[in-house]
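Student: I'd like a close look at just one part of this protein. Could you pick a helix and walk me through what surrounds it?

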Amino acid sequence: ATVVGTDPSTDIAVIKIEERKLPAITFGNSDDVKVGEWVLAVGNPFNLNSTVTAGIISAKGRGHIMENSKSGNQFPIESFIQTDAAVNQGNSGGALITTDGQLVGINSAIYAPNGTYAGYSFAIPVNLVKKIINDLIKFGDVKRPYLGVSVDREKFDAGDGAHVGEIAKDGAATNIGLKPGDVITKINDVPIFSWTELQATVSSYNA
């Protein structure tokens with residue numbers, strides 16, 4: 001395989017394999033997954049090839065910096081899907097799938113105070129993955145849209161939308177009339193409950 005492109009901020013790479021008629025997984029819609037829904041995590045933890053673990057969607061839109069389960073580095077992810085499926089070193093890059101076999105995320109990180117799985121694993125939503133893949137193939141890097149708003153820090157986790165703190169003079173937000181204090185609750189048909197969900201949804205669009 002040859003490397004087509006990499007995106008350090010999400011720890012995702014695209015590689016090209018010179019082969020045809022390989023089996024492929026069906027991409028689902030990560031916006032449609034619900035908290036409490038059963039999912040399966042597939043990976044190679046501790047060199048145990050093709051291990052499958054089960055869990056539920058514990059939360060959506062987790063945006064904190066988590067510990068990378070493979071390298072131990074810390075890196076920002078725009079919006080995680082949190083699950084309680086067991087994920088350990090070697091699971092990074094593996095599929096998070098629904099019970100009907102649709103890909104909804106790429107397993108990427110764990111919360112591991114002791115270095116191993118402690119009940120919390122995190123996956124990059126497939127809708128964001130698709131945008132990253134397309135950009136890496138087309139441009140060689142990822143083109144991220146610029147809305148031009150910053151969060152109201154006092155209401156970062158309000159849960160009723162993305163609370164706008166400041167507006168950049170050169171961003172799209174100024175042109176459409178957004179103001180400090182506004183609350184963004186939906187982008188097109190996608191409901192927005194948190195700042196990290198806003199970031200992930202905006203990032204899934206083309207620049």
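Tutor: Let's take helix H3, where Trp195, Thr196, Glu197, Leu198, Ala200, Thr201, Val202 and Ser203 are buried. Keep in mind as we go that this is a predicted model. The helix covers residues 195–203, and eight of its nine residues are buried, so H3 counts as mostly covered.

What does H3 lie across? The helix lies across E12, E13 and E14, and runs at about 150 degrees to E12. Those three strands make an open sheet in the order E12-E13-E14, and their pairing is antiparallel. Strand E12 (149–151) and strand E14 (183–184) are at the edges with a single partner strand each, so one side of each has no neighbour in the sheet. Now look at how E12 meets strand E13, which spans residues 162–167. The two run antiparallel and are joined by three bridges. If you want a spot to find on screen, try Val151, which stands opposite Val164 in E13.

A good way to see how the helix meets this sheet is to follow one residue. Trp195 lies in helix H3. Is Trp195 buried or exposed? Its relative accessible area is 8%, and buried means under 20%, so Trp195 is buried. Which residues does Trp195 touch, once we leave aside its neighbours within four places in sequence? Its contacts are Val149, Ser150, Val151, Phe156, Ala162 and His163. Check those numbers against the strands: E12 is 149–151, and E13 is residues 162–167. You've also already met Val151, as the residue opposite Val164. Another pair to look up is Trp195 and Asp152: they are 43 residues apart in sequence, but 9.2 Å apart in space, going C-alpha to C-alpha.

Here's a general point to carry along while you turn the helix around. An α-helix has 3.6 residues a turn, so residues three or four places apart point the same way.

Next, the pocket. H3 also helps to line the second largest pocket, and gives the most to that lining, with three residues. The volume of this pocket is about 420 Å³. Of the 22 residues that line it, the closest to its centre are Ser30, Asp31, Lys60, Val190 and Thr201. Thr201 should ring a bell: it was one of the buried residues in H3. Which other elements supply at least two residues each to the lining? Besides H3, they are strand E5 (51–62), strand E8 (80–83), helix H1 (126–139) and strand E16 (190–191). As for the kinds of residue, the lining has 10 nonpolar, six polar and six charged ones.

For a contrast with buried Trp195, jump to the start of the chain. Strands E1 and E2 pair in the antiparallel sense over five bridges, with Val3 opposite Ile15 in E2. The two form a hairpin with four residues between them. In that turn sits Asp11, which has a positive phi of about 65 degrees although it is not a glycine. Asp11 is partly exposed, with a relative accessible area of 43%. Further along, in the loop between E2 and strand E3 (26–27), you'll find Lys21. Lys21 isn't a glycine either, yet has a positive phi of about 60 degrees. With a relative accessible area of 85%, Lys21 is exposed.

Methods. Residues are numbered from 1 along each chain as its sequence is written. This is a predicted model: local features need pLDDT of at least 70, side-chain atom pairs count only at pLDDT 80 or more; totals for chains, interfaces and linings use all residues. Side-chain values use heavy atoms; hydrogens and water are left out. Two strands pair if DSSP finds at least two bridges between them. Contact means heavy atoms within 4.5 Å. Axes are lines fitted to C-alpha atoms, for helices over the stretch in contact, and angles run from 0 to 180 degrees between N-to-C directions. On a 1 Å grid over the protein atoms alone, a cavity is a set of points where a 1.4 Å probe fits but cannot get out, and a pocket is an open set with protein on both sides within 12 Å along at least five of seven lines; lining residues have an atom within 4 Å of a point. Grid points are joined across faces, edges and corners, and a volume is the space filled by probe spheres set on the points. Ala, Val, Leu, Ile, Met, Phe, Trp, Tyr, Cys and Pro count as nonpolar, Asp, Glu, Lys and Arg as charged, and the others, Gly among them, as polar. Buried means under 20% relative accessible area, exposed over 50%, partly exposed in between (1.4 Å probe, protein chains only).
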